[in-house]
Amino acid sequence: MRISVVIPAFNEEGNIGRLIEETFAQVPETALGEVLAIDDGSDDGTGTEIKALLTKYPSLRYLRHGRRGGQSAALRTGVLAARFPFIATMDGDGQNDPADIMRLAGRLGSQGLEPAVAAGIRAGRKGPGSRKAASRFANWIRDKVLADGCPDTGCGIKLYRRDAYLELPYFTSMHRYLPALFLTYGHEIAYEAVNDRPRLRGASKYTNLGRALIGLYDLVGVSWLRKRTLIPPVAEDVSGSSSAVSFDGGGKEDGRALRAHKRSVIQEG
């Protein structure tokens, strides 16, 4: 398994450099293909802090947005630029622990099978009580509407197959709905308890009210998208090539073997 670690960051001076150093120290060289730090138009020393490490770590890459696009845009930029088939994501504030990446890797399916996603669940979550209460309420209402079974969709540390992510529709704030989207596109998700650490520098870029207003708006859209997305199973794939394989059972293993052939079909109506 070769992993591209994608870290989105906006004004994380004092946090991002420490996180990058920890990542190279905690993830084995045999697994760590590269670290991509995505600067979402920071106006502090975030970029300088990252670029100061480029000579120390040849597999560190720095990408900067010309204008701010948000966390989902930064994640997408990193995944598109990634050179390796597995993507690990962490928030740039340093609250995720890079030591958890290999624990998540142990939960993925082997040989490209399911689960295609391993998602962290924050144990002993740090932060103000009001934020934790708001997060619990948001997770509850999201699960009531989407029934995705995810107890902590806001946890930034995840590991997934790059090809599976690229199947998903992109929109602003999609990072909050990745479990529901992966399920919609036929993938399985494994959950693992992970470490949650306090923010050492700076302040969160989100407010409870702001997240609630955006979340409700997006929740309606994601609910519509899930109901209107149909992924038909491929029962047979035959050609004149000797390498072609025919599937006539339409079973679970067939579906797994043919995930690369799936395409989303939006129902007419």
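Me: Two strands pair if DSSP finds at least two bridges between them, and both strands (E, at least two residues) and helices (H or I, at least four) are DSSP runs numbered from the N terminus. Which residue in β6 is the bridge partner of Thr 89?

Reply: This is a predicted model, in which local features need pLDDT of at least 70, side-chain atom pairs count only at pLDDT 80 or more, and totals for chains, interfaces and linings use all residues. Residues are numbered from 1 along each chain as its sequence is written, while side-chain values use heavy atoms, with hydrogens and water left out. Strands β4 and β6 run antiparallel and are joined by four bridges. Within β6, the bridge partner of Thr 89 is Lys 158.

Me: Which residue of β6 is the bridge partner of Val 117?

Reply: Strand β5, covering residues 117–123, is joined to β6 by three bridges, and the two run antiparallel. One place to look is Ala 119, which stands opposite Lys 158 in β6. For Val 117, the bridge partner in β6 is Tyr 160.

Me: Which residues of β6 point the other way from Lys 158 and Tyr 160?

Reply: Lys 158, Tyr 160 and the two residues pointing the other way are buried, that is, under 20% relative accessible area with a 1.4 Å probe and protein chains only, against over 50% for exposed and partly exposed in between. Lys 158 and Tyr 160 point one way from the strand, and the other way point Leu 159 and Arg 161.

Me: In what order do the seven strands of the open sheet stand, and which strands are at its edges?

Reply: The seven strands form an open sheet with mixed pairing, in the order β3-β2-β1-β4-β6-β5-β7. Two of them have a single partner strand each, so one side of each is left without a neighbour in the sheet. Those edge strands are β3 and β7 (189–195).

Me: By how many degrees are neighbouring strands of this sheet turned against each other on average?

Reply: Axes here are lines fitted to C-alpha atoms, for helices over the stretch in contact, and angles run from 0 to 180 degrees between N-to-C directions. With direction ignored, the average turn between neighbouring strands of this sheet is 20 degrees.

Me: What angle does the direction of helix α1 make with that of β1?

Reply: Helix α1, residues 16–26, packs on the sheet and touches β1, β2 and β3. A contact means heavy atoms within 4.5 Å. The direction of α1 makes with that of β1 an angle of about 170 degrees.

Me: Within what arc do the buried residues of α1 fall?

Reply: The buried residues of α1 are Ile 16, Gly 17, Leu 19, Ile 20, Thr 23 and Phe 24. Seen down the helix axis, they line one face, because the arc within which they fall is limited; the arc is that of the directions from the helix axis to the C-beta atoms. What covers these residues includes β1, β2, α2 (46–51) and β3. The arc is 165 degrees.

Me: At what angle to β1 does α3 run?

Reply: The buried residues of helix α3 (71–81) are Ser 72, Ala 73, Ala 74, Leu 75, Gly 78, Val 79 and Ala 81. Their cover includes β1, β2, β3, β4, β6 and α6 (162–166). Helix α3 lies across β1, β2, β3, β4 and β6, and its angle to β1 is about 150 degrees.

Me: How far apart in space are Arg 61 and Leu 36?

Reply: Arg 61 has its place in strand β3, and it counts as buried because its relative accessibility is 18%. Leaving aside neighbours within four places in sequence, its contacts include Glu 34, Leu 36, Leu 54 and Ala 81. Although Arg 61 and Leu 36 are 25 residues apart in sequence, their C-alpha to C-alpha distance is 4.8 Å.

Me: Which peptide bond is cis?

Reply: Pro 115 lies in the loop between α4 (101–105) and β5. The bond that leads into this proline has an omega near -5 degrees, and this cis bond runs from Glu 114 to Pro 115.

Me: Over which residues does pLDDT stay under 50?

Reply: The predictor's confidence in each residue, pLDDT, runs from 0 to 100. The chain has a mean of 83, and 75% of its residues reach 70 or more. For the stretch under 50, the model has 45 contacts beyond four places in sequence, and that stretch is residues 246–269.
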